[in-house]
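Thanks for coming. I will put the structure up and then talk through a few parts of it.

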Amino acid sequence: MDIYTVREEFMLKFLDLYKINERYRKEIDTRIKEVLDSGWYLLGNQDKTFEQDFANYCGVKHCIGCANGLDALTLIIRALGFKQGDEIIVPANTYIASILAISENGCTPVLVEPDIKTYNINPDLIEEKITEKTKAIMVVHLYGQAVKMEKIWALAKKYNLKIIEDSAQAHGAIYQGKRTGNLGDASGFSFYPGKNLGCLGDGGCVTTNDDELALKIRALANYGSHKKYCNLYKGINSRLDEIQAAVLDVKLKYLDEDNEKRCQISKYYRENIKNDKIILPNTYDEKAHVWHVFAVRTKDRDEFQEYLKNNDIQTLIHYPTPPHKQEAYKEWNHLSYPITEEIHKTIISIPISPVMTEEEVKKVVEVINEY
């Protein structure tokens with residue numbers, strides 16, 4: 001075992017998934033045993049229970065489980081029936097999955113710069129990008145903060161546009177009394193293990209209040225079928241398995257409590273990190289942010305990351321390269337989105353999770369203040 005391995009073992013982890021899930025081990029074990037004893041592993045009672053519980057939590061009529069967050073967004077767009085070349089407005093600084101879902105359906109992503117204060121799409125820049133081909137606005141509640149929706153709702157009404165939420169990072173965030181997942185026509189969630197509500201593998205869902213859309217999405221996710229061997233649509237295979245649904249239903253009961261712990265850590269960071277080299281994130285409303293990540297910005301990011309590593313603090317970068325600079329979208333590589341590029345060049349996420357101890361939180365603050 002070399003020195004680097006030892007350092008990694010004793011590092012203050014960015015996110016300790018073992019500790020997060022160990023708290024609920026007995027309940028999770030019980031529910032997994034129920035799945036094993038039932039002999040039913042897909043589209044069974046665990047799925048139905050979780051879907052109903054998560055729909056109730058989000059305040060919507062329908063929740064449809066699927067394999068992951070990317071599939072959730074892809075299914076929404078496909079179910080809305082957009083045509084080749086139809087345009088969907090999307091933030092330029094999102095994780096690439098938001099954009100992949102648009103491309104996968106033959107639609108055209110139209111990138112809009114974020115607000116540097118919130119990192120979410122800037123509502124004031126959307127209208128100038130709307131054309132006769134525009135069919136929807138995809139809002140991404142990035143890093144856990146709900147997008148300010150008032151102006152977006154008005155634009156959707158004015159131009160008869162659909163609103164698609166990418167809520168993959170914002171389970172439980174609240175805007176004007178409603179949770180994310182209930183702020184548009186439909187929303188895609190990811191339950192990747194590192195999310196605020198994460199399963200033990202891949203998982204996702206769609207939430208919506210639209211009865212017809214929900215019915216179509218449920219069929220599309222199951223080979224385009226409501227009844228075995230009767231296929232209404234050219235669908236895909238994207239289902240949330242019974243074990244993941246069982247795990248999620250256990251953890252859902254504790255989501256608000258976990259989010260509150262994240263909010264407390266965020267508040268401590270924001271009040272106590274005092275270093276002119278570090279730009280702290282902020283929120284326009286404490287209820288609107290569930291702090292999936294605590295992303296700071298600094299000019300010398302690589303140096304800062306190495307400094308934290310040398311002090312046994314693990315960090316991640318969300319995200320080092322913006323979508324328009326990726327090889328996958330090389331046709332965009334010549335484009336310039338200066339605010340997006342500034343964010344991606346300077347952003348770095350420090351540890352925040354419901355299992356961090358008070359001592360660990362204080363250590364992060366002390367080390368950063370000494371940088």
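I will go through the aromatic pairs, then the cavities and the largest pocket, then two helices and one loop residue.

One thing to keep in mind throughout is that this is a predicted model.

Start with the aromatic rings. A search over the whole structure gives 15 aromatic pairs. One of them is Y24 with Y254, a stacked pair with centres 4.5 Å apart and 10 degrees between the planes. Where do these two tyrosines lie in the chain? Y24 is in the loop between α2 (17-22) and α3 (25-38), and Y254 is in the loop between α9 (242-252) and α10 (255-272). They are 230 residues apart, and the pair links distant parts of the chain. As for accessibility, Y24 is buried, with a relative accessible area of 5%. The cut-off for buried is under 20%, and Y254 has 21%, so Y254 counts as partly exposed.

The next pair is Y269 with F294. Is this one stacked or edge-to-face? The ring centres are 5.0 Å apart and the planes stand at 65 degrees; edge-to-face requires over 60, so the pair is edge-to-face. Y269 belongs to helix α10 and F294 to strand β12 (residues 294-297), so the pair ties together parts 25 residues apart in sequence. Both Y269 and F294 are buried.

There is also a cluster, in which ring pairs link F50, F54, Y57, F189 and F191. Y57 in that cluster has a charged neighbour as well: R179 lies over the face of its ring, 4.0 Å from the ring centre. A second case involves a lysine, where the charged end of K277 sits over the ring of Y371, at 5.0 Å from its centre.

Now the enclosed space. How many cavities of 30 Å³ or more are there? The count is 2. The largest cavity has a volume of about 80 Å³. It has 13 lining residues, and I20, K195, N196, K251 and D258 are those that lie nearest its centre. Helices α2 and α10 each supply at least two residues of this lining, and α10 gives the most, with 3 residues. By class, the lining of the largest cavity comes to 7 nonpolar, 2 polar and 4 charged residues.

The second largest cavity holds about 40 Å³ of space. Its lining includes T118, Y119, Y143 and Q145, and further along the chain P281, N282, H289, W291, V293 and A295. This lining has 6 nonpolar and 4 polar residues, and no charged ones.

From cavities to pockets. The largest pocket has a volume of about 700 Å³. Of its 32 lining residues, Y95, S190, Y192, K195 and Y319 lie nearest its centre. K195 is therefore a residue to look at twice, being listed nearest the centre of the largest cavity and nearest the centre of the largest pocket. Among the elements, α5, α6 and β8 (186-190) each supply at least two residues of the pocket lining. That lining divides into 17 nonpolar, 11 polar and 4 charged residues.

Two helices next. In α6 (residues 96-104), the residues I96, A97, S98, I99, A101 and I102 are buried. What do they pack against? Their partners are α5 (69-80) and the strands β2 (87-91), β3 (108-112), β4 (134-140) and β5 (162-166). As a reminder on helices, an α-helix has 3.6 residues a turn, so residues three or four places apart point the same way. Just after α6, G106 takes a positive phi of about 75 degrees.

In helix α12 (residues 338-346), T340, I343, H344 and T346 are buried. The buried residues of α12 pack against β12, α11 (301-310) and β13 (347-350). Strand β12 is also where F294 of the edge-to-face pair lies.

Last, one loop residue. N68 is in the loop between β1 (62-66) and α5. Its relative accessible area is 22%, so N68 is partly exposed. Which residues does N68 contact, leaving aside neighbours within four places in sequence? They are F189, G203 and G204. F189 also appeared earlier, as a member of the ring cluster. For N68 and N120, which are 52 residues apart along the chain, the C-alpha atoms are separated by 22 Å.

That is what I had.

Notes:
Residues are numbered from 1 along each chain as its sequence is written. This is a predicted model: local features need pLDDT of at least 70, side-chain atom pairs count only at pLDDT 80 or more; totals for chains, interfaces and linings use all residues. Side-chain values use heavy atoms; hydrogens and water are left out. Rings of Phe, Tyr and Trp (its six-membered ring) pair if their centres lie within 6.5 Å; planes under 30 degrees apart count as stacked, over 60 as edge-to-face and the rest as tilted. Helices (H or I, at least four residues) and strands (E, at least two) are DSSP runs, numbered from the N terminus. Buried means under 20% relative accessible area, exposed over 50%, partly exposed in between (1.4 Å probe, protein chains only). A charge sits over a ring if NZ of Lys or CZ of Arg is within 6 Å of the ring centre and within 35 degrees of the ring normal. On a 1 Å grid over the protein atoms alone, a cavity is a set of points where a 1.4 Å probe fits but cannot get out, and a pocket is an open set with protein on both sides within 12 Å along at least five of seven lines; lining residues have an atom within 4 Å of a point. Grid points are joined across faces, edges and corners, and a volume is the space filled by probe spheres set on the points. Ala, Val, Leu, Ile, Met, Phe, Trp, Tyr, Cys and Pro count as nonpolar, Asp, Glu, Lys and Arg as charged, and the others, Gly among them, as polar. Contact means heavy atoms within 4.5 Å.
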